[in-house]
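Reader: Please take a close look at one part of this model, the aromatic side chains and what surrounds them.

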Amino acid sequence: MNFLGYFIMIVAAIGMVVGITKQKRGVPWGKPLTVICALVALLFALTNLFTGGTNTKKLQKQYQEWNTAYQLVAGEMIGQYISDKIGNAEVVVLRDNTDAMDTFIEGMRKGFGDNVTIADEITPDFEAAQREMMIASGMDPATMPEEEMAMMMPMDPMMMSPDLIDEALEDALDADVVVSLIGLPYEYLDMDFWRNDGHPKFVAVSISMPMPAPEMKSMIEVGHITAWITNNPEGDHTLGDVPEDLQEAFDKRYIIVDGDNVKSMADKFPNLFMSMQ
């Protein structure tokens, strides 16, 4: 898939998030927007699946290898951050079942050193979340053929309900740190997790989509979110050699925002805490 294809997929995903949110608020065009964006995303995914020659496949392989290398870099820097800033911690990782998560965790373990361990890896019930989204969009998953269900786009974590994340984290409240490799749902401010006194430190990783809502800045400032790892708005995302120096490689593509630098980051990148309203 070329740059335009990826751009359209991202716009379609954002459109679905906005559509679902507006639908919940009773806006008439919320449901049609959600359905249209879902169909656009599915169309481009299928087009990418059944098209592309040898050169395209070679480029896709190069991109995958390059992306995997940067995922290892990001994971290792996350691990080092937790080891240096928190230390002596048991970590619970919120993840999905993709290979990318295994790569991130491999990097994290390398960065942890001896004073941090992963106590558990938790995967939310994405299938339940996807069924909920389909029903909200007017589709009935119970009557859909298995072939059509198999072709549905994977559930975007941003579209999950806060309740689903709270349910996934019920057994993680005794951990020292929660690292979410799947970011946060669009309505993350409604999570009960934040209302638990002395809740674990929370590290949010969102390197494929912008974190929703400008409230993210205040969540970092008050300490609900310990750190946010996201794309560097001025980073270099073109194919090329990954720098051997870990810090240089990380800075080329990502940033870490925490209580120490949140104000300076907001000043440097005015659109960092963007709103989707």
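Author: The aromatic pairs come before the strands and a surface patch.

This is a predicted model, in which local features need pLDDT of at least 70, side-chain atom pairs count only at pLDDT 80 or more, and totals for chains, interfaces and linings use all residues. Residues are numbered from 1 along each chain as its sequence is written, and side-chain values use heavy atoms, with hydrogens and water left out.

A search of the whole structure gives seven aromatic pairs. Rings of Phe, Tyr and Trp (its six-membered ring) pair if their centres lie within 6.5 Å; planes under 30 degrees apart count as stacked, over 60 as edge-to-face and the rest as tilted. One of the pairs is Tyr 70 with Tyr 254, edge-to-face, at 6.5 Å centre to centre and 80 degrees between the planes. Tyr 70 belongs to helix H3 and Tyr 254 to strand E6 (residues 254-258), so this pair ties together parts that are 184 residues apart in sequence. Helices (H or I, at least four residues) and strands (E, at least two) are DSSP runs, numbered from the N terminus. Tyr 70 and Tyr 254 are both buried, where buried means under 20% relative accessible area, exposed over 50%, and partly exposed in between (1.4 Å probe, protein chains only).

In Trp 228 and Phe 273, the ring centres are 5.5 Å apart and the planes are at 45 degrees, so the pair is tilted. Trp 228 is in strand E5 (residues 227-231) and Phe 273 in the segment after helix H10 (262-268), so parts 45 residues apart in sequence are tied together. Both Trp 228 and Phe 273 are buried.

Tyr 70 and Tyr 254 also belong to one aromatic cluster with Trp 66 and Phe 250. Over the face of Trp 66 lies Arg 253, at 4.6 Å from the ring centre; a charge sits over a ring if NZ of Lys or CZ of Arg is within 6 Å of the ring centre and within 35 degrees of the ring normal.

Turning to the strands, E3 (residues 177-180) points Val 177 and Val 179 one way and Val 178 and Ser 180 the other, and all are buried. Strands pair if DSSP finds at least two bridges between them. Four bridges join E3 in parallel to E1 (residues 89-94), and four join E3 in parallel to E4 (residues 201-206). Val 178 stands opposite Val 92, and its bridge partner in E4 is Phe 202.

Helix H3 (residues 54-85) also holds Leu 59, which is partly exposed, with a relative accessible area of 47%.
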